[in-house]
Amino acid sequence: MAWRFLLTKTLKLLLNPNPNPSKPFLTSPFSTSFLVTKTPKKFKKKHTKKESPRTKLVNSEPNRIPHFEHIVERDAFLRFVTKSKDFLSKQPEHVLRLDDAGKLHRELGFPRGRKVARSIERYPLLFQAYRHTDGKMWFGFTELMEDLLDEERAVADSMEADRVTTVRKLLMMSANKRIPLSKIYHCRSVFGIPEDFRDRVEQYPNYFRIVVEGDGKRVLELVNWDPLLAVSALEREFVVDEDRAKRAFKFPMKHGKDLDLDEDDTRKLNLLNTLPLVSPYSDGSRLDVWTLEAEKYRVGVLHELLNLTLEKRASIHHIVEFKEEFSLTKHTYQMLLKQPRTFYLAGTEMNWVVFLKGAYDENGVLKHKDPQVVFNEKLYKFAQMREREKK
């Protein structure tokens, strides 16, 4: 019986080590307050938050070219104007209910979580909100904006032959001389291709053919190869100014240090390995991806692609769209960084824009402006005005 009593007492002590709270356990008579149990803040190691590719700028402050960065910032500021113009122009009567517009932040280009009415009020010369007879608030274009749309359609009609040539050259650069219509449509504004180009291409059976694949995808195919078009802008420049074209890109030749070359001889040796570039109108899909020849081809393709754009620039989203057709790799960003003489990358590492530096003057103004670019600049001017000047 004694062992049962002892076992019961032990269990009670384990479950309730201090059965009488009014009489606390004995504590040590010595104070331990002098012991440092926590590291003071001033001695703690400061952990700086690692910058993500989404926010990290491509170029640091000393290497930034302000006028290129300003163009990227301007496009972000006017995203609502450009995207809403395209979206509304496809709606019946060019109007949209305000309640419906508030759910289309991606399509209309206003910040998610913000009210669309704030963006409308920012551009009073182009957009207006009004109460319809049904009692609902709607928004649409102003009379000035409607006139501008008519002007833009006239520009598109006058430049149709040039846009046809652009699409032909894109198809000639592609691996199988075919590109899905959806990809061209997605990038149409970069090349100045009109909204209704899918209907217009049917008027040129000698150049294009639309093929519907098994999954319903519509693909644009090249009908006839034109050798006169298969000449890149860089090749034309090489004929006019050979030295300038040679300095456009740099592909250092790997050679041993035992050659004991001086600086001039090294430059000449590297020049031998720089040109001629592989033509962007050749079949790059047959090249070994990691060879120097393949890299020259990809650099040439991107150079020619930028030359075909309206403003001699394109974002990562437009370039990735043609990744398969132009045999590009996931290392395109690093490849462009290695060619700072010709390309300039602005924006962040995840959302960058590449510029063709030679197409701009020292003030960041395009040397040759397409009529569509002139119209866009006019539209941007009205977008930044609160009141129309009396004229």
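**Notebook: a pocket and a cavity**

I looked up the second largest pocket and recorded a volume of about 910 Å³. I noted that the structure is a predicted model.

I then asked which residues lie closest to the centre of this pocket. Of the 32 lining residues, the closest to the centre are A233, N307, K312, L356 and A359.

Next, I checked which elements give two or more residues to the lining of the second largest pocket. They are α8, which spans 160-173, α12, which spans 233-240, and α15, which spans 292-308. I found that α8 provides the largest share of this lining, with 5 residues.

I also recorded the character of the lining of the second largest pocket: 14 residues are charged, 10 are nonpolar and 8 are polar.

I turned to cavities. How many cavities of 30 Å³ or more does the structure hold? I found 1. For the largest cavity, I noted a volume of about 120 Å³.

I listed the residues that line the largest cavity: A156, E160, R163, V164, V167, I193, P194, F197, R200, V201, Y204 and F208. The elements that give two or more residues to this lining are α8 and α11, the latter spanning 197-200. The largest share, 4 residues, comes from α8.

Finally, I asked how the lining of the largest cavity divides into nonpolar, polar and charged residues. I recorded 9 nonpolar residues and 3 charged ones, with no polar residues.

In closing, I noted that α8 gives the largest share of the lining in the second largest pocket and also in the largest cavity.

How values were computed: Residues are numbered from 1 along each chain as its sequence is written. This is a predicted model: local features need pLDDT of at least 70, side-chain atom pairs count only at pLDDT 80 or more; totals for chains, interfaces and linings use all residues. Side-chain values use heavy atoms; hydrogens and water are left out. On a 1 Å grid over the protein atoms alone, a cavity is a set of points where a 1.4 Å probe fits but cannot get out, and a pocket is an open set with protein on both sides within 12 Å along at least five of seven lines; lining residues have an atom within 4 Å of a point. Grid points are joined across faces, edges and corners, and a volume is the space filled by probe spheres set on the points. Ala, Val, Leu, Ile, Met, Phe, Trp, Tyr, Cys and Pro count as nonpolar, Asp, Glu, Lys and Arg as charged, and the others, Gly among them, as polar.
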